[in-house]
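Student: Could you take a close look at a single part of this structure and then place that part in its wider surroundings? I should like the reasoning behind each classification to be made explicit.

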Amino acid sequence: MPVSPLNRRAFMAGTGGLTLTASGILRNSAKAAVEEQRIEPFSKAMQPLARPLPVPTTTFQDVQGEDVSLSHWKGQAFLLHLWATWCPPCIRELPDVDSAIHALGRNGPPIVAINTLGGDVAMTQAFYAAHHIGALPIYIDLRGELLKALGPLPGMEPGQKGIPRSYVVDAKGDMRAASLGLTAWDPRDVQQHFETLTKS
């Protein structure tokens, strides 16, 4: 079962703040939960949807603060990945996503990774620097509008944010498959399974 991401802001609002000791316990508990979670291979985690669904028209922002929509990639198949700076599984997974896009290069699918509900451009840039992420372009969805438009995935618990999650999107702009939770981004597995899903 996927680990439900901890919304740090909601937690803080509900408790009125944490002591340093409690914060340390929280971080250690979240880290332990992620380490205990089974990481599925990309080819197993990425499951076909019951029917193809068009990508939402909701906009998000690029590193310059300009509005972008997923229609920008229409005409080519790509991977959509949603993550956040406060999400422990995302923190563990995103460097692997970055490594995959770096390893696959021009032969691999574009990966559109969007920081949703996880801070502005400056926070995202700081996160990239801290985790040595250099191949993924920066996109942000400050208010989580894209996440809201995508809706819940099968198996999600009530109130679960549902990230990290990823979608395979075909050249027509239809989502063909989705994954939820920690996923292993082995470049060869990503490439082969992506090609299988977008050719079917």
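**A buried cysteine and its surroundings**

Tutor: Cysteine 87 counts as buried because its relative accessibility is 0%, where the limit for that class is under 20%. The model is a predicted one, and what follows should be read accordingly. Cysteine 87 is joined by a disulfide to cysteine 90, with an S to S distance of 2.4 Å. The link between cysteine 87 and cysteine 90 is right-handed, with 75° about the S-S bond. The partner is classified in a similar way: cysteine 90 has a relative accessibility of 1%, and therefore counts as buried. The structure holds 1 disulfide.

We may turn next to a charged residue. Glutamate 93 is located in helix H4. Although buried, glutamate 93 has no salt bridge. The nearest side chain of opposite charge belongs to arginine 92, and it is 9.2 Å away, whereas a salt bridge would require a nitrogen-to-oxygen separation within 4 Å. If residues up to four places away in sequence are set aside, glutamate 93 touches His81, Pro164, Gly181, Leu182, Thr183 and Trp185.

The wider setting is a sheet. Its 8 strands form an open arrangement with mixed pairing, in the order S2-S9-S8-S5-S6-S7-S3-S4. Strand S2 (47-54) and strand S4 (67-69) are the edge strands, each pairing on one side only. From one strand to the next, the twist averages 35°. Within this sheet, strand S6 (residues 111-116) and strand S7 (residues 139-141) run parallel and are joined by 3 bridges. Threonine 116 stands opposite aspartate 141 of S7. Helix H4 (residues 88-104), the helix that holds glutamate 93, packs on the sheet and touches strand S5 (78-83) and S6. The direction of helix H4 makes about 155° with that of S5. Helix H5 (residues 121-130) lies across strand S3 (59-62), S5, S6 and S7, and runs at about 100° to S5.

The edge strand S2 offers a contrast to the buried residues discussed above. The number of buried residues among the 8 of S2 is 0, so this strand lies largely in the open. S2 and strand S9 (residues 174-180) run antiparallel, with 4 bridges between them. Glutamine 47 stands opposite alanine 178 in S9. Proline 52 also belongs to strand S2. Proline 52 has 43% relative accessibility and therefore counts as partly exposed, a class that lies between the limits of 20% and 50%. Apart from neighbours within four places in sequence, proline 52 is in contact with Asp174, Met175 and Arg176. Proline 52 and glycine 173 are 121 residues apart in sequence, yet their C-alpha atoms are 9.4 Å apart in space.

A loop residue completes the picture. Glycine 155 is found in the loop between helix H6 (145-150) and strand S8 (165-169). Because its relative accessibility is 56%, glycine 155 counts as exposed, the class that begins over 50%. Between the C-alpha atoms of glycine 155 and leucine 180 the separation is 8.9 Å, with the two residues 25 apart along the chain.

Notes
Residues are numbered from 1 along each chain as its sequence is written. This is a predicted model: local features need pLDDT of at least 70, side-chain atom pairs count only at pLDDT 80 or more; totals for chains, interfaces and linings use all residues. Side-chain values use heavy atoms; hydrogens and water are left out. Two strands pair if DSSP finds at least two bridges between them. Helices (H or I, at least four residues) and strands (E, at least two) are DSSP runs, numbered from the N terminus. Axes are lines fitted to C-alpha atoms, for helices over the stretch in contact, and angles run from 0 to 180 degrees between N-to-C directions. Contact means heavy atoms within 4.5 Å. A disulfide is a pair of cysteine sulfur atoms within 2.5 Å. Buried means under 20% relative accessible area, exposed over 50%, partly exposed in between (1.4 Å probe, protein chains only). Lys and Arg count as positive and Asp and Glu as negative; His and the chain ends are not counted.
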